[in-house]
Amino acid sequence: MKYSIDKQDHYAIMTLEEENLNSILAPDLKSELVIFKNEGLTNLVISLAKVKYIDSSGLSAILTGNRLWKENGSFILTEINHASVKKLIEISRLESILTIIPTIEESLDYVLMDEIEKELNASTEEE
């Protein structure tokens with residue numbers, strides 16, 4: 001599976017460099033997501049800009065990532081540009097479960113706002 005990763009202090013951006021996220025690539029994606037989580041990445045943004053097709057195995061890999069970051073951090077899908085991918089997510093009713101944001105810039109704003117909110121909540125709980 002081809003992808004690029006840009007790791008920063010508070011987030012990482014993973015850009016899938018594949019047109020198909022299918023049963024052949026999904027196990028690799030799951031493995032990479034587990035590795036990233038174990039490395040301590042607190043927020044992961046995945047760009048699907050180049051992805052034109054996702055099958056059920058690909059969705060399962062995405063849901064694995066969502067589950068890994070659910071309790072602690074953000075897992076965001078961004079740049080879903082292809083109609084077939086958007087339609088599959090809608091048909092699967094995953095837009096209510098997954099955090100989907102149109103652009104990378106907006107995704108990073110979301111991550112930073114989420115971090116600030118968590119810090120505020122933590123300081124409020126201490127008082």
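**Sheet and helix packing in a predicted model**

Let me begin at the edge of the sheet, where E1 and strand E2 (residues 12-16) pair in the antiparallel sense over five bridges; two strands count as paired if DSSP finds at least two bridges between them, and strands (E, at least two residues) and helices (H or I, at least four) are DSSP runs numbered from the N terminus. Within this region, Lys7 stands opposite Ala12 in E2.

This is a predicted model, in which local features need pLDDT of at least 70 and side-chain atom pairs count only at pLDDT 80 or more, while totals for chains, interfaces and linings use all residues. Residues are numbered from 1 along each chain as its sequence is written, and side-chain values use heavy atoms, with hydrogens and water left out.

The open sheet has five strands in the order E1-E2-E4-E6-E7, with mixed pairing. Strand E1 (3-7) and strand E7 (99-101) stand at the edges with a single partner strand each, so one side of each lacks a neighbour in the sheet.

Turning to the helices, H2 packs on the sheet and touches strand E4 (43-47) and strand E6 (74-78), its direction making about 150 degrees with that of E6; contact here means heavy atoms within 4.5 Å, and angles run from 0 to 180 degrees between N-to-C directions, with axes fitted to C-alpha atoms, for helices over the stretch in contact. Helix H4 (residues 104-126) lies across E2, E4, E6 and E7, running at about 165 degrees to E6.

Finally, helix H1 (residues 26-38) and helix H2 (residues 56-70) pack at about 10 degrees, with their axes 8 Å apart.
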